[in-house]
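Trainee: I'd like to learn how to read a model like this one, feature by feature. Can we go through it together?

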Amino acid sequence: MKSYTFTKESLRKKFRLSEFLSEKIITGFALLSITIIILIFVFVFRETIPLFTSKERPTGSREELVQEQYGVVPEPRPDQLQRQEVYGIEPDSALMGNREYSTEEHAAGQERRVTVKGLLGDEWYPVSSNPRYGLIPLMVGTIKITLIAMLFAAPIAILAALFSSAFAPTWLREWIKPAIELLAGFPSVVIGFFALMVMATVLQELFGYETRLNAFVGGIAMALAAIPIIYTITEDALTAIPGTYKEASLALGASKWQTALFVTLPAATPGVFAAILLGIGRVFGETMIALMATGNAGLISANPFESVRTLAATIGAEMAEVVFGDTHYGVLFLIGSLLFVFTFSLNALAEFYIKGRLMKRIQGKIA
Amino acid sequence: MSRRNNITGAVVVGASAFSAIAIIAIIIVILVVIVIGGKDRMTWEFITAFPENGMTEGGIFPAIYGTALMVIIMSVAAVPFGTITALYLTEYTSEKSIFAQTIRFAVRTLATVPSIIFGLFGLGFFIKFVGGEMDSVFLGGQLKWGQPNILWASLTMSLLTLPVVIVSVEEAIRTVPRELLEASLALGATKWQTIRKVVIPGSISGILTGTILAISRGAGEVAPILFTGAAYYLATLPTSLSDQFMNLGYHIYIMSTQSADVDGTMPIQFATTLVLLLLTFLLNFIAILIRARIRRKAIV
């Protein structure tokens with residue numbers, strides 16, 4: 001009987017073209033998600049570059065500028081006219097708040113530059129005859145809205161997560177969890193619509209303030225969008241805490257609520273922290289709710305019952321009407337870059353807290 | 001246990017129960033308000049008719065049609081890419097490889113990027129860069145692709161929904177029993193053959209779930225299409241990829257903030273919101289059902 005001998009030759013994997021190709025193609029496709037992130041970085045930042053470089057350049061007419069940047073054969077005017085026709089948005093609609101709007105002057109305007117000082121100004125009048133691109137009111141508005149939203153969303157969502165993971169009987173938990181996840185499935189335009197049509201009126205009657213759409217209404221509506229995120233991640237973190245923690249605490253004579261509040265919740269703090277960070281990220285970048293429910297007036301004030309204009313809403317409201325390539329367009333992309341960098345960092349930080357601290361803590365590697 | 005402790009305990013449990021109930025209550029309130037506000041207007045005619053009289057009367061058919069067309073194009077782009085990425089992450093790489101971890105991080109980042117940023121990206125990349133180049137290369141500078149249209153809007157939306165597809169396909173692939181895979185490999189099938197004949201058929205329902213969830217997400221998002229292709233009003237349905245389109249969510253936004261007669265069109269707005277909500281709920285519900293079936297199968 002002939003025995004097989006395994007040589008290095010016979011054991012080597014045979015080269016197959018289909019295998020080789022499929023592996024390479026699949027790897028290539030997988031690269032796509034990384035590529036997209038990089039492309040988003042590149043293309044959102046790219047549009048802001050002219051803002052800063054045009055300072056060194058001699059000022060030319062805008063038509064030239066457009067050509068230089070995009071290599072598209074000119075006619076930015078018909079393009080813009082057409083856009084206006086198609087969108088049919090009334091410039092002086094309620095949405096624009098107290099903006100001064102004058103397309104005539106805008107079209108006739110000369111090349112404008114933006115300085116860091118200008119961006120730190122406290123007036124946002126991008127389309128007046130003397131345009132001012134101060135981002136401070138927008139930032140104040142965004143921060144105000146985020147604070148109000150988190151003040152509502154964080155305690156409610158964390159307590160609800162504590163309830164469904166520690167106190168609720170199993171049958172109830174199986175109802176609460178999908179119900180709150182259902183809220184995550186609400187399109188933000190629906191929440192915005194509800195806030196605009198119903199909540200704004202009800203809250204105004206309750207509190208009797210003057211402006212119907214304000215930071216308070218917007219903040220609560222945003223809280224509705226943030227609650228499912230904070231709830232889900234907190235719940236996951238709480239249920240990931242090993243049963244031994246709970247059993248040890250109960251065995252030492254602690255009651256159920258003491259265990260939940262003083263053992264499980266502290267153990268899950270990195271997860272809760274990450275949940276809040278992601279909630280902030282969601283509120284910070286939320287566009288439709290901000291557009292519909294905050295009043296969109298760029299005021300700087302500490303009063304929660306006054307209208308605000310957020311960074312994201314500014315992009316959403318104004319991008320459809322700007323001349324491609326002009327300063328206003330660049331500033332809107334600059335706002336986008338700010339939003340992107342901010343949410344990107346929040347996400348990275350949240351990742352660090354979940355991956356780094358929570359997991360290590362659960363595995364008992366750090367105290 | 002002291003009495004003070006008992007009271008604190010009651011407060012803790014009470015507050016947490018109250019929070020959970022409050023969330024559920026607000027969900028129910030939103031649903032009830034929208035159903036009551038929209039149910040009278042919700043007729044077959046409303047769904048199948050064109051808007052009339054400056055959108056103060058008539059139906060929302062073009063908005064439904066536009067949304068449907070957009071999510072179809074979006075799925076065609078997002079589902080294959082998402083599925084292949086999920087395949088790579090589960091079959092071709094290990095958890096620990098830096099490359100795989102980077103991809104995972106990128107996917108999670110994609111999922112948390114604000115939707116308006118996708119809109120900016122769509123404008124800067126698809127419309128200005130790709131579209132603008134296409135125009136100057138193929139059409140000699142005639143403006144066709146370098147402006148907002150349904151193709152660019154759908155592609156922008158597909159980037160936003162890519163993470164949804166990846167996550168649910170990955171989950172489904174992991175439920176395909178390892179024994180089946182090993183058996184296939186042991187019989188001499190190559191890796192690609194195994195993936196084609198065992199892994200993909202085994203996770204087809206996961207791919208379906210991912211598609212449905214992505215559609216439900218895409219149908220509801222408005223911010224990415226604000227300036228990449230959605231139109232306020234169009235008298236005709238889009239017939240080519242370079243046409244603009246009407247969209248349900250955008251329709252709600254426009255009607256409730258910029259309509260000539262916001263109060264008069266209130267029933268239309270509520271009914272449109274109801275349609276959008278029903279659509280997303282129905283899709284989510286189907287996805288949940290399929291997912292439950294996958295999980296049951298995984299246990300058995």
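Mentor: Sure. Remember that this is a predicted model. Let's begin with how contacts are spread along the sequence: take the contacts in chain B between residues at least 6 apart, and 76% of them join residues at least 24 apart.

Trainee: What share do residues 24 or more positions apart account for in chain A?

Mentor: There, 75% of the contacts with a separation of 6 or more are between residues 24 or more positions apart.

Trainee: Next, the secondary structure. How many helices and strands does chain B have?

Mentor: Chain B has eleven helices and two strands. Read from the N terminus, its elements go α-α-β-β-α-α-α-α-α-α-α-α-α. The C-alpha trace of chain B spans about 75 × 65 × 35 Å along its principal axes. As for chain A, count 17 helices and two strands.

Trainee: And what percentage of each chain is buried?

Mentor: In chain B, 51% of the 300 residues are buried. In chain A, buried residues make up 44% of 367.

Trainee: Which part of chain A has pLDDT below 50?

Mentor: Start with the chain as a whole: the mean pLDDT of chain A is 79, with 80% of its residues at 70 or more. Residues 56–111 of chain A are the stretch where pLDDT is below 50, and that stretch still has 76 contacts in the model beyond near neighbours in sequence.

Trainee: Let's turn to the interface. How many residues does each chain put into the contact?

Mentor: Chain B puts in 80 residues, and chain A puts in 80 residues. On the chain B side, the largest share comes from helix α1 (residues 3–39) of chain B, with 16 residues. By class, the residues of chain B that touch chain A are 49 nonpolar, 26 polar and five charged.

Trainee: Can you show me a residue of chain A that sits at this contact?

Mentor: Try A:A160, which is found in helix α8 (residues 136–167) of chain A. Setting aside neighbours within four places in sequence, A:A160 is in contact with A:I180 and A:Y231 in its own chain, and with B:S16, B:S19, B:A20 and B:I23 across the interface.

Trainee: Why does A:A160 count as buried or exposed?

Mentor: Count C-beta neighbours: A:A160 has 29 inside 10 Å, so A:A160 counts as buried. Don't read sequence separation as distance, though: A:A160 and A:V190 are 30 residues apart in sequence and 23 Å apart in space, C-alpha to C-alpha.

Trainee: How do I read a helix pair, say α4 and α6 of chain B?

Mentor: Look at the axes and their angle. Those of helix α4 (residues 98–112) of chain B and helix α6 (residues 150–175) of chain B come within 8 Å and cross at roughly 125°. The two helices, α4(B) and α6(B), are therefore oblique to each other. Their crossing is left-handed.

Trainee: Which residues meet there?

Mentor: From α4(B), B:V107, B:L110 and B:A111 meet B:L159, B:L162, B:P163 and B:I166 of α6(B). This contact has seven nonpolar residues, with no polar and no charged ones.

Trainee: What does B:T109 in helix α4 of chain B touch?

Mentor: Apart from neighbours within four places in sequence, B:T109 is in contact with A:I37, A:F344 and A:N347. B:T109 is buried, with 21 other C-beta atoms within 10 Å. Its C-alpha is 9.0 Å from that of B:P163, 54 residues apart in sequence.

Trainee: Which contacts does B:G220 make?

Mentor: B:G220 lies in helix α9 (residues 204–220) of chain B. Leaving out neighbours within four places in sequence, B:G220 is in contact with A:P187 and A:V189, plus B:G249, B:L276 and B:T280. Along the chain B:G220 and B:T280 are 60 residues apart, yet their C-alpha atoms are separated by 7.1 Å. B:G220 is buried, with 22 other C-beta atoms within 10 Å.

Trainee: One last thing: what should I look for in backbone angles?

Mentor: Most residues other than glycine have a negative phi. Now check A:N296: its phi is positive, about 55°, although it is not a glycine. A:N296 lies in the loop between α15 (288–293) and α16 (311–318) of chain A.

Trainee: Is A:N296 buried or exposed?

Mentor: A:N296 is buried, with 26 other C-beta atoms within 10 Å.

Technical notes:
Residues are numbered from 1 along each chain as its sequence is written. Chains are lettered from A and ligands numbered from 1 in the order in which they are written. This is a predicted model: local features need pLDDT of at least 70, side-chain atom pairs count only at pLDDT 80 or more; totals for chains, interfaces and linings use all residues. Two residues are in contact if their C-beta atoms, placed from the backbone, lie within 7 Å. Helices (H or I, at least four residues) and strands (E, at least two) are DSSP runs, numbered from the N terminus. Ala, Val, Leu, Ile, Met, Phe, Trp, Tyr, Cys and Pro count as nonpolar, Asp, Glu, Lys and Arg as charged, and the others, Gly among them, as polar. A residue is buried if 20 or more other C-beta atoms lie within 10 Å of its own, exposed if 12 or fewer, and partly exposed in between; C-beta atoms are placed from the backbone. Axes are lines fitted to C-alpha atoms, for helices over the stretch in contact, and angles run from 0 to 180 degrees between N-to-C directions. Angles under 35 degrees count as roughly parallel, over 145 as roughly antiparallel, 65 to 115 as roughly perpendicular and the rest as oblique. A crossing is left-handed if the near helix is turned anticlockwise from the far one by less than a right angle, and right-handed if clockwise. pLDDT is the predictor's confidence in each residue, from 0 to 100.
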